[in-house]
Structures are given as C-alpha cells and as structure tokens.
Amino acid sequence: MWAAGRRWGRRERALLWGVLVTAWEAAWGQLRYSIPEEMPKGSFVGDVAKDLGLQLPAFGDRALRILDKGSTQYFNLHGKTGHLVTAERIDREQLCRLVQQCVLRCELIVEREMQVYEIEVEITDINDNVPSFREGETELRMSETTAPGSRFPLDEAYDPDSGQNSVQSYELSGDEHFSLAVQAGPGGDQRPELVLAKALDREEAAFHELVLRASDGGEPARTGTARIHVAVLDANDNAPVFSQAEYTVRVPEDVPVGSTLVTVTATDPDEGPNGHLKYSLKKATDMALDVFRMDAETGAITLVRSLDFEKGDSYEMEVQTHDGGGLFDKTKVAITVTDVNDNQPEITVSSAVSEISEDAPTGTVVALLYVQDRDSGANGEVRCSLEGAVPFRLHSSRGSYYSVVTARELDREQVSEYNVTVRATDGGSPALWSSAMLCLRVLDVNDNAPVFAEARYSARVAENNAAGALVLRVRAWDADWGQNARVRYRLGEGRVRGAPLSSYVSVEAETGALYALRSFDYEEVREVGLWVRAEDGGAPSLSSNVSVRLVIVDENDNAPQVLYPPAAALAAGAGWAGVELAPRSAEPGALVAKVVAVDADAGQNAWLSYELAKATEPGLFRVGLHSGEVRTARFPLARDAARHSLVVVVKDHGRPALSATATLTVVLAESVAELLAELGSAASAAAPGEPAGSLTRWLVLAVAAVSCLFLAFLLLLLALRLRRWRRSQLLAAGSGALRGVPASHFVGIDGVRAFLHSYSHEVSLTADSRKSQLRFSGASCCDTLPARPPPDEPAPMLGEDPAAPPLF
C-alpha cells in the first residue's frame with residue numbers, strides 16, 4: 001500500500017506539472033498535457049475549452065474537432081464539457097520503443113474561427129513490464145585452461161519501460177568459480193559480464209549452474225532471471241577473429257525482401273571442432289530481430305520484412321561468432337536506411353464551406369487544408385496549387401496549413417458552381433502527387449435588372465377592336481435566380497386625350513400580355529405611346545422600362561360627306577339639292593359645277609371617286625372621276641330641256657366601299673332673266689297659290705345673301721393664306737380676279753351658289769388634311785386625290801375656329 005501510494009503520488013505531481021505547463025502554453029496557441037500510460041479509455045487529459053478560453057455555448061455541434069496526425073486516433077474531445085479524453089488505452093512501449101520521450105500530437109480545429117491549435121500529450125512511463133532475457137537458458141563452453149579473471153559477455157535483460165523503470169541492476173548466484181561484473185555501455189546501458197574468479201578443473205566439475213537476475217528501479221521493483229549452464233572443455237588455444245571491427249551498410253527502404261544486406265566473416269586457425277565457427281545476433285532490438293535474420297553458418301544478414309524509413313531509419317546489432325571450443329569474438333553491424341519517395345502527399349480538409357454568396361469580398365476563406373508527406377528531405381517537401389482557371393488562390397498558413405480564399409469577385413450568372421481541385425506534389429524524383437476536390441455553390445444576389453427581349457415594341461391595332469383583345473406581349477428575363485429572377489410587369493403613368501392610360505390598355509403582371517380595354521377609333525386616336533416597367537422580386541427590387549407604340553389602323557367605317565352642293569330639306573326627307581347655270585352656248589368641256597366631298601377615314605379608305613348615276617339628258621353632262629367637276633359633254637341643243645336633274649354618286653376606296661349621293665339641278669339659260677323665268681315657272685308649278693312677283697323678290701334676296709356670304713368666305717380664305725404661307729403674288733392675282741366680278745353675276749336660290757359667267761373654281765376639302773386647296777382658272781382642272789391625314793387628329797371642318805391648325 002505504501003508503494004502504491006508513492007506511485008500515485010508521482011502521478012498526481014506529474015498531472016499538476018502538466019496543468020501548469022498547459023496554462024503557460026495555451027497563451028501561445030499550443031497546449032501541452034502529460035498523462036501516464038495504460039489509462040483506461042475515456043480518461044481525462046485536460047480541459048481544452050477552459051485552457052483556450054473558449055465559450056462552448058457559443059459554438060454549435062461540430063464547431064470543435066480533434067484531428068490526429070497519425071493513422072490512429074488516441075484522443076477525443078467531449079463536446080459538452082470541452083475535456084480532452086483518451087480514445088483508447090495507450091501503451092507507451094508500443095508507441096515509443098525507440099525514443100526516450102513519448103509525445104503524441106493532435107490538433108484542435110475551431111471551424112467557426114478557422115483557427116488551429118496544436119496539442120501535445122506526453123505519455124509517461126509506468127513500471128508495467130518485467131525485465132526479461134532473450135534466452136531463458138544460456139550455455140557457455142569454457143576451456144579448463146581459461147585464466148582466472150577472464151570475462152564472458154552475457155545477454156542483457158530487456159525491459160520496455162524507460163528511465164528508472166528499466167533495468168537498473170544485475171545479480172549472479174550459484175557458484176563460487178564465477179562472479180558478475182557490470183560494464184557501462186556508450187549509451188549508459190549496463191552490460192553484464194561473467195568473470196572467472198577461480199580456475200576451472202574439468203575433472204573436478206564438468207558443469208556449473210548459474211542464475212543471473214536483472215532488476216528494474218520501479219516501485220516495487222520487478223525482476224527477471226536467466227539460467228546459465230557452463231560446460232568445462234578441454235583446451236582451445238585460438239579464438240575466432242572478425243575481419244572488421246564494425247560493418248556499416250546503407251540500403252534504400254525499397255530493397256526487396258530476401259535480399260542479403262551484409263555478410264560478416266571471422267577466422268579461427270584451429271582445426272576440427274575448435275575451428276568450426278557459428279554466427280549469432282547477441283544484441284539487437286525486437287524491431288531488428290523482426291526485420292533481419294542471420295545465417296549461423298555463413299554470417300549473412302538477410303531482410304525478412306520490408307523496410308520503412310518512416311518507422312525506422314537505422315539499426316545497430318552486435319554479432320558474435322563461437323568456435324567449437326567455446327572461444328568467441330564480436331563485431332558491430334550498423335544498417336542505415338535511406339529514404340525513397342514512396343509516400344504520396346496527404347491532403348486533409350480540416351474545414352470547408354459548401355456555399356458562398358456571390359458578393360463575398362475578395363479574400364474570403366472557403367476552406368482550411370492540412371498537407372503532409374511522411375517522406376523526408378526533398379521527398380517530403382510539398383508544393384500545393386489549384387487546378388484550372390478558378391477565382392480562388394491558396395494562402396499558406398501556419399505550419400503545413402493552407403487556406404483557400406477568393407481571388408476576385410464572384411458572378412453567379414457566369415458560374416453558379418465550382419469544383420475546386422487542390423493538387424499537392426512532393427519534391428521527389430519522380431514526384432508523387434495527390435488531390436482533393438472542394439465543391440462550392442455560389443448563392444445568388446439581386447444584382448441584375450430585368451432585360452427586355454426587344455429594345456422597343458410596336459403593334460398595329462385595327463380600330464373598332466373588341467374590348468379586352470390581346471394587343472401584344474412584352475417579355476423580359478432576369479439573369480438572377482429564384483425570387484430575384486421573378487419578373488412582374490406594370491404600366492407607366494400616362495394620359496391619352498386627357499384620359500388615364502390605364503383606361504385604354506392594361507398589362508398582365510405575370511405574363512406581360514397587353515390588352516386593349518376599349519375599342520379604338522382611328523378618327524380620335526391615331527397612336528398610343530406607353531411605357532411598360534419590369535420589376536424583379538429582389539429586395540430591393542431592380543427594374544427596367546421599355547417603350548411600346550400602338551399604331552391604330554384605319555378601317556372604312558365613315559361614308560363620304562358631301563360639302564357641296566349643300567343639304568336641303570325635301571318633302572320626302574333629307575337629301576342633297578343644288579341649282580347651277582349653264583349657258584346654252586357653252587362649249588363641250590365647260591365647267592358647270594363641282595361636287596365637293598370629304599371622308600373622315602384615311603389612306604385608301606379616304607380616296608374618293610365620282611360618277612354620274614342619273615341625269616335627265618344622259619349625254620349632255622359628265623363628271624370627273626376624281627375631281628367631281630360637272631362639265632358639258634357636248635353643245636347644248638335647242639331641243640334640250642331647260643332644266644336638268646343630275647345625281648352624282650361619291651364612293652370611297654374601302655373594302656367594302658361606302659358612298660353618298662349629291663343632286664344637282666342645272667338650268668340652261670343665256671341670261672338671268674331666263675334663269676329667273678325658268679325658276680319662277682318652276683316655283684309657280686310648285687306653289688300655284690303664291691304670286692309670281694313675291695317669289696321673284698324672295699329669290700333675288702336669297703341669291704344676293706348667298707353671294708355676300710360666299711364673297712366673305714373667299715376673302716377670309718385669302719387672308720389666312722396670305723398670313724400663313726406668305727404667297728402674296730398668287731393671292732393678289734386671285735383676289736383681283738374675284739373682286740372684279742360684280743355682285744350681279746351671282747344668284748342663289750335656297751342657299752345655292754352659282755356663277756353666271758364661265759368662272760371655273762375647284763375646292764378640295766378633306767377632313768384629314770391640314771392643307772386644302774382653292775384654285776381659280778378659266779380652264780378645267782386636273783383630277784386630284786385627297787392628301788394623307790395627319791398623324792394626330794382630324795382637320796377641322798369649314799366654319800371651325802380660325803385659331804385651329806391651318807387648313808392650307
């Protein structure tokens with residue numbers, strides 16, 4: 001009990017010393033602990049979280065990890081307490097048989113902080129092994145002539161423990177002829193030797209039995225014994241002699257199994273059994289005995305197991321040779337193993353992220369790597385690189401750690417996922433390499449506004465369309481992903497003819513379909529311009545606009561309107577009537593009248609043509625197809641009636657064509673008296689009870705009033721033309737011609753204007769043109785087509801406000 005108390009007291013002192021050392025080294029990013037060997041699995045090693053000042057609640061699961069550098073993991077980290085505990089029972093003699101100080105190293109990875117802490121755990125020795133001899137029984141053969149004081153080396157006891165727990169002393173018992181001497185070796189080890197204290201006499205005793213006891217320095221001490229049989233022989237006066245005092249061999253670690261590494265040789269001049277030599281290994285470690293084998297007859301040392309430079313780079317052995325008479329010699333064999341590049345670099349991903357935002361700043365750490373090569377020298381020098389053109393770079397951290405960081409800004413729209421291959425190559429010849437792949441997905445950021453498929457949109461919409469009809473579709477796409485790429489459409493603010501734009505058209509938010517909410521009228525709206533905005537679903541959202549132009553296409557939905565002759569009320573209903581004077585002496589082609597009509601439509605739908613549909617005398621008059629001028633087709637004859645009724649049909653060029661009619665009354669007379677007489681007779685026939693003189697007076701007054709109004713209208717038109725177009729000469733000539741006509745030349749009945757003399761006039765008025773024409777000439781005028789309507793709104797009719805857009 002006292003010995004056990006002393007032993008556990010030493011352990012407690014070692015643990016206390018380890019805690020003090022740990023507290024000092026934690027401040028420098030390195031922890032060091034000390035524990036005795038053979039502790040059970042789960043034993044406490046050290047409070048890592050406390051020593052490093054880590055607050056465990058702030059870290060989630062797998063925030064702290066232990067990474068062992070060896071092939072076997074000897075330590076674990078308790079996730080809840082932060083204690084470092086043993087993962088299995090640790091045998092110091094198995095791990096560190098060739099080193100004095102046994103230290104195991106591991107590393108603590110703090111993933112959230114991307115930090116690495118080194119941890120060293122020293123495994124202290126306990127006295128758990130008994131000293132033992134390689135051979136439990138040894139036979140020595142000595143000549144009886146051996147002089148007292150001769151020394152014979154004995155096998156050393158082997159104790160895997162270290163320090164005080166290893167072999168400390170030897171004792172010999174059993175015979176007075178022998179004593180024990182212990183020599184100190186170069187490395188401080190003790191080498192027992194058997195000393196002949198008294199001369200041997202074979203006749204007295206042919207055999208001697210001895211017991212060699214080895215003791216270690218543990219508490220309590222442990223001992224091991226070996227029995228020594230000494231056979232006394234006849235005289236052998238020549239001992240074997242090795243050719244070299246020491247054999248040194250250098251071999252590569254990849255030398256094949258079964259190869260002979262070195263052959264030791266010795267000579268003995270004796271003959272017979274005294275000259276027959278045998279070789280044996282007398283001093284070699286367990287590892288050397290597992291790897292090498294000696295041929296007792298030839299002295300050849302062969303390889304029985306593969307060499308590994310990383311496990312052992314040198315071996316020292318002592319070889320003995322014995323002759324048949326018991327004499328011997330010894331030599332030293334040193335085998336040095338040279339390194340061969342037989343280990344690939346090893347890449348361990350200590351910590352890595354699988355996702356990164358595309359707006360992550362340059363230098364963001366995405367992975368922490370640990371790279372090592374178990375070879376030595378140039379074979380163990382590792383160079384790391386990234387394969388391919390990737391926006392990442394390697395940054396060398398402390399020790400053999402590398403961090404993979406972003407080298408520039410990322411763009412998910414160009415590359416949404418990266419497979420980053422890290423390649424590690426050593427400096428051997430030929431070089432060995434290994435690789436590790438990091439899979440990284442780039443997360444989207446709303447950095448792209450919607451883009452329309454076209455720079456601008458336009459569509460042609462026929463007027464009189466159905467309300468709710470689909471006009472066109474706008475389409476925009478967003479290079480982002482998910483909610484950031486969801487596009488919605490809406491109309492921009494605007495007004496059309498004073499009304500909100502939203503009352504004319506609407507856009508479907510999801511599809512971009514543009515619908516007409518009302519029926520368009522070309523005569524009211526010729527064109528609708530609007531903006532459509534596309535917005536994505538990001539926060540904040542991004543948007544873009546596109547212009548849309550809707551062109552209203554005209555349809556033939558307006559019949560021609562006859563401006564001259566003016567409308568008159570008839571007994572049978574509304575119709576067109578007019579009275580014109582044609583001299584009986586008029587030549588063929590003389591202008592009699594002109595039918596003036598307009599069409600509110602545009603283009604071909606507004607092109608008008610005239611034709612004579614009905615006449616009292618079909619061959620006497622003709623109508624210009626495009627001018628509407630009524631002219632004589634031949635000389636009037638005496639037999640021709642004085643009064644003629646003409647029905648003129650005005651048609652447009654639409655499909656289907658629309659038409660209107662105008663009725664003219666032409667009176668053949670040479671003078672006003674004849675005209676009045678003819679009209680008077682017609683009036684008398686129409687109203688027998690009314691006096692003829694009263695009717696004549698009313699007719700004269702009506703013609704005078706109409707003439708005055710017509711002259712005033714002509715003067716107004718000339719004034720506007722002079723002011724707007726500044727064509728003074730043409731207007732002056734035209735004005736003089738009109739002013740030279742006396743008022744008596746004009747007569748009118750029921751608002752009808754008539755030229756008494758052969759004045760030819762042409763008036764071209766259209767509802768969709770800002771330029772109407774009035775020309776005066778003595779000859780007939782060529783046919784004309786109405787001008788194209790303006791794009792904005794129809795031209796005002798005659799009689800509208802003069803401040804409106806110009807007519808000419």
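So, how many aromatic pairs does a search of the whole structure find? Nine of them. Before I go on, keep in mind that what you see above is a predicted model.

Let me walk you through a couple of those ring pairs. Take Phe152 and Phe328 to begin with. Their rings make a tilted pair, 6.5 Å from centre to centre, with 45 degrees between the planes. Phe152 belongs to strand 10, residues 151-153, while Phe328 belongs to strand 25, residues 328-338, so this pair ties together parts that are 176 residues apart in sequence. And are these two buried or exposed? Phe152 is buried, with a relative accessible area of 10%. Phe328 comes out at 22% relative accessibility, and that counts as partly exposed.

Now have a look at Phe392 and Tyr418. Here the ring centres are 5.5 Å apart and the planes stand at 90 degrees, so we call this pair edge-to-face. Phe392 sits in strand 30, residues 392-396, and Tyr418 in strand 32, residues 417-426, so the parts being tied together are 26 residues apart in sequence. Both Phe392 and Tyr418 are buried.

There's also a cluster: ring pairs link Phe452, Tyr457 and Tyr489.

Rings meet charges here too. The charged end of Arg423 sits over the ring of Trp433, 3.8 Å from the ring centre. Likewise, you'll find the charged end of Arg518 over the ring of Tyr504, this time 4.0 Å from the centre.

Okay, on to the strands, and back to strand 10, where we met Phe152. Strand 10 is part of an open sheet of three strands, in the order 10-14-13, and the pairing is antiparallel. Strand 10 and strand 13, which covers 178-184, are the edge strands, each pairing on one side only. On average, neighbouring strands in this sheet are turned by 35 degrees against each other, ignoring direction. If you zoom in on strand 10 and strand 14, residues 190-196, you'll see three bridges between them, in the antiparallel sense. One thing to click on there is Arg151, whose bridge partner in strand 14 is Val195.

There's another open sheet of three strands, ordered 19-23-22, again with antiparallel pairing. Which strands stand at its edges? Strand 19, at 260-263, and strand 22, at 292-294: each has a single partner strand, so one side of each is left without a neighbour in the sheet. The average turn between neighbouring strands of this sheet is 20 degrees, direction ignored. Strand 19 is joined to strand 23, residues 300-303, by three bridges, and the two run antiparallel. Within that pairing, Thr260 stands opposite Thr302 of strand 23.

Last stop, strand 28, which spans residues 365-372. Why do I call strand 28 largely enclosed by the rest of the structure? Because seven of its eight residues are buried. Strand 28 pairs with strand 26, residues 346-352, over six bridges in the antiparallel sense. There, Val349 stands opposite Leu369 of strand 28. Strand 28 also runs antiparallel to strand 31, residues 401-406, and five bridges join them. For an example, pick Leu368: its bridge partner in strand 31 is Ser403.

And one bit of background for when you turn the model around: in a regular strand, side chains alternate between the two faces of the sheet. That's it from me, thanks!

Methods
Residues numbered from 1 in each chain as written. Predicted model: local features only at pLDDT ≥ 70, side-chain atom pairs only at ≥ 80, totals over all residues. Heavy atoms only, no water. Pairing = 2+ DSSP bridges. Helix = DSSP H or I, 4+ residues; strand = E, 2+ residues; numbered from the N terminus. Axes fitted to C-alpha atoms, helices over the stretch in contact; angles between N-to-C directions. Phe/Tyr/Trp six-rings, centres within 6.5 Å; stacked < 30°, edge-to-face > 60°. Buried < 20%, exposed > 50% of the residue type's maximum accessible area, 1.4 Å probe, protein only. Lys NZ or Arg CZ within 6 Å of the ring centre and 35° of its normal.
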